[in-house]
Amino acid sequence: MDYLKKYKSFLYSYYLSSGVRITAGVVLPALIFSYFDMLSQGVAVSLGAMCVSGTDNPGPIHHRRNGMLICLLFLIIVASLTSLTASYPVLLGILITAFCFVLSMIGVYGARAIAIGVNALLIMVLQMSHPSQGKEVLIQAAYILLGGLWYTGLSLMLHKFAPYRLGQQALGECMAATANYIRIRAQFYDDNADFDKIYRQMIEQQAIVHTEQELVRELFYKSRDIVKETTNTGRTLLMLFRSLVDLFEQIMTSYHDDYKDLHAAFDGTELMSRYRQLIMQLAAELDDISIAVKSGRRSRETTALADAIKETRRYYIELRNTKRTPETLEYYITMRNILSNIEDIADRMHTLHLYTTYQQKVSNVNTPDDYEKFINRQDFSFKTLIDNLSMQSNYFRHALRVSLATLAGYIASLFLHVGHSYWILLTIIVILKPQYSLTKKRNFERLFGTIAGAIIGLGILYFIKDRTVLFVIMLVLMLGTYSLLRTNYMFAVIFMTPYVLLIFQLLYDIPLKNVLTDRLIDTTIGSVIAFIANLLIVPLWERSQISSLIATAIEKNTAWFKTAITNFMGNPVTPIQYRISRKEAFVALGNLSDAFTRMLGDPKWQQKNINIIHQFVVYNHLLTSHIATLSHFGQKFAVANVTKDFVPVTNYIEAELCAATAILKGETTSAESARAPQWQMIDKRVTNLMMSRHKELHQGLTDTETRKLLLEVKSVTDEFRIIHDVTTDIKKASLQLAAGG
């Protein structure tokens, strides 16, 4: 692991830059007001800034601005009503329950709405211990308003100075996620590879890549600065992203469905290990480009990758000429295709290097309207909220779970008489997520992080007494908290706990023992309540919705397959049509991968048919990979393969995939398979070419027209056969899943 690269990557990431922005936005008001002996007022202003900053997630600037302003409106209303009712326990309990339900339900409007709801609940919890009446409520609301406006203005001003910065950082993160995907695929070439483990890692990482791509797509395609203006920087960023998605498709291509055969065929040689090393170099190269993009600097391309490819090709040719036999000819064709693919990926990376100069003249290929086809618009109508008010909606279940859990936490806080009891509710609110597995993970991270952070905080306060030094340490802990909150929650809590301890020590001089005891006890109580609520209150397990995600993935892959084969039918597809079908297939596969990963975190008794579902996810991943490969061949070898012989094969594949989709959706369909295609004519063509090639090899002939034609015809034929076989497996698995309930 290259720790220097990881350090640089984090240094230029939007996680650190947002951490710096939030830390400055929260600390400065308190410092300025304390200078005028108005510390309590400054803390209220900082509180408003902190809660608004929680909604300042990456996205188009107008979305960020609107989100912060709407959040500020919610903060004022919630804070005021909470302060007014804080002296009346019963009324406050009713208000807490209502706020938790409503502010959790607005999650139906997307991730930014979820952030608004969580931060509004945060201000509710913090205001519970500050009962106010009359003008005090208005004054407190004014300070929160001032803090929110201050942070909003700061965020908008920083964007004005660097409008492309966030887009560059998000694109760099997407590149880094793609590089990690490449590293996982390199493991297939390990001598002792655990293929099941590798496929599981691929599934998880593919979901991460999908999330990063969707973020960049939203940032770029919904930002007028990029898609409407004609600046070279904006257009270059668009071309970088388009090239990256094309690169990811190239990376997903597969030229063999069983790596065990390749390991057996080349046992005793260095070929597989050399390929692995070469693929790892591709990942390292993409990492370098990602750091350059995030920093806004030009990436430095060296000859190391090109030299390694040349050396590997030399070794491959030497091995082929000395070890090749008629029995291993097929495997050498596969390895040559893989090496050619690596060269194609390296060429695409060379293009990415060129774009990082921002001097590459980029033509505006698509009209602005084209970008609308790649993004999804959030429906903000009131009907969306009404439609989700049922037990079939996961948002409704989550809102009900949060409201009941917080009510239980509030009642517990009234009877237990623990100091800072609002931490119980705070723990419940930040831990509970709509999915069981995410809540379970967050629960563990919160508990472990609090304990570890408490130990660190004790150490700091035991050895350091100077208040100035403690303040500097607190700033560092704040920065760590806000920088890691979106990427590594456990470490964020480890930073957060001593940061909270230092705040109480510096501002209120409360005995450390009291604060530490309250923090640990309240967090534990909140975690226990959240765990019970997560397990018992109207849970929605992943197994109940994964069948529809599988069906959608098959459906989108079927549409992409239809688009990809048009070249072999003599009907070239338009680039925009191809990119849309590819994007939808990638998104569907990403959603399925993400759901399966969450399902693995569900209780064992809820993981029904887990092996079949795992097979489904792997089959869909294989199908997507081989469609990508077939599409790649369609662009290179279509002329040699335009034939009606493939029509029965494509008809069979489409029919079987449609039947599998219908089965998973519970629709009536025939259990019988579609009429199997006749491969005789297709195989005869390949067999004749193979026989001709064998004769040439016996005669010592190497580079001939037959060799070239065999490569083109056999590569395409093999891909159709693999997709045919995977399709058959998908149909069988769908019948098994339907039978297993």
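Helices here are DSSP runs of H or I, at least four residues in length, and they are numbered from the N terminus. With that in hand, Lys294 can be placed in helix 13, which covers residues 271–295. Everything in these close-ups comes from a predicted model.

**View A. Lys294, a buried lysine in helix 13.** Start with the lysine just introduced. Its relative accessible area is 0%, so Lys294 counts as buried. The side chain of Lys294 makes a polar contact with the side chain of Ser9, at 2.5 Å. Ser9 also turns up among the residues that Lys294 touches once neighbours within four places in sequence are set aside. The rest of that set is Tyr12, Ser13, Arg165, Gln168, Gln169, Gly172 and Glu173.

**View B. A nonpolar patch on the surface, with Ile32 as one of its members.** Six residues make this patch: Leu28, Leu31, Ile32, Tyr35, Phe36 and Trp150. Together they give a nonpolar surface of about 640 Å². Helix 2, residues 14–35, supplies the largest share, with four residues. Ile32 sits in that helix. How open is Ile32? Its relative accessible area is 49%, so Ile32 goes down as partly exposed.

**View C. Phe188 and Tyr259, a stacked aromatic pair.** The structure has 24 aromatic pairs in total, and here is one of them. The ring centres of Phe188 and Tyr259 are 4.5 Å apart, with 5 degrees between the planes. Phe188 is in the loop between helix 8 (165–186) and helix 9 (195–221), while Tyr259 belongs to helix 12 (residues 259–265), so the pair ties together parts that are 71 residues apart in sequence. Both Phe188 and Tyr259 are buried. Widen the view a little and the pair turns out to be part of one aromatic cluster, along with Tyr189, Phe195, Tyr199 and Tyr275.

**View D. Phe220 and Phe241, an edge-to-face pair.** In this one the ring planes meet at 85 degrees and the centres are 6.1 Å apart, so the pair is edge-to-face. What does the pair link? Phe220 is in helix 9 and Phe241 in helix 11 (residues 232–252), so parts 21 residues apart in sequence are tied together. Phe220 and Phe241 are both buried.

**View E. Asp37 and Asn609, two loop residues with positive phi.** Some background for this view: most residues other than glycine have a negative phi. Asp37 isn't a glycine, yet its phi is positive, at about 60 degrees. You'll find Asp37 in the loop between helix 2 and helix 3 (39–53). Its relative accessible area is 74%, so Asp37 is exposed. Asn609 isn't a glycine either, and its phi is also positive, at about 60 degrees. The loop that holds Asn609 runs between helix 25 (575–599) and helix 26 (610–641).

**View F. Thr552 in helix 24, shown with Val587.** Helix 24 covers residues 546–564, and Thr552 is part of it. Buried, exposed or partly exposed? With a relative accessibility of 32%, Thr552 counts as partly exposed. In sequence, Thr552 and Val587 are 35 residues apart. In space, the distance between them is 10.0 Å, C-alpha to C-alpha.

Conventions:
Residues numbered from 1 in each chain as written. Predicted model: local features only at pLDDT ≥ 70, side-chain atom pairs only at ≥ 80, totals over all residues. Heavy atoms only, no water. Patch = residues over 30% accessible without salt bridge, like charges linked within 9 Å, V, L, I, M, F, W, Y side chains within 5 Å. Areas by Shrake-Rupley, 256 points an atom, 1.4 Å probe, with all protein chains shown as cover. Salt bridge = Lys/Arg side-chain N within 4 Å of Asp/Glu carboxyl O. Helix = DSSP H or I, 4+ residues; strand = E, 2+ residues; numbered from the N terminus. Buried < 20%, exposed > 50% of the residue type's maximum accessible area, 1.4 Å probe, protein only. Polar contact = N/O pair within 3.5 Å; in protein donor to acceptor, adjacent residues only side chain to side chain. Contact = heavy atoms within 4.5 Å. Phe/Tyr/Trp six-rings, centres within 6.5 Å; stacked < 30°, edge-to-face > 60°.
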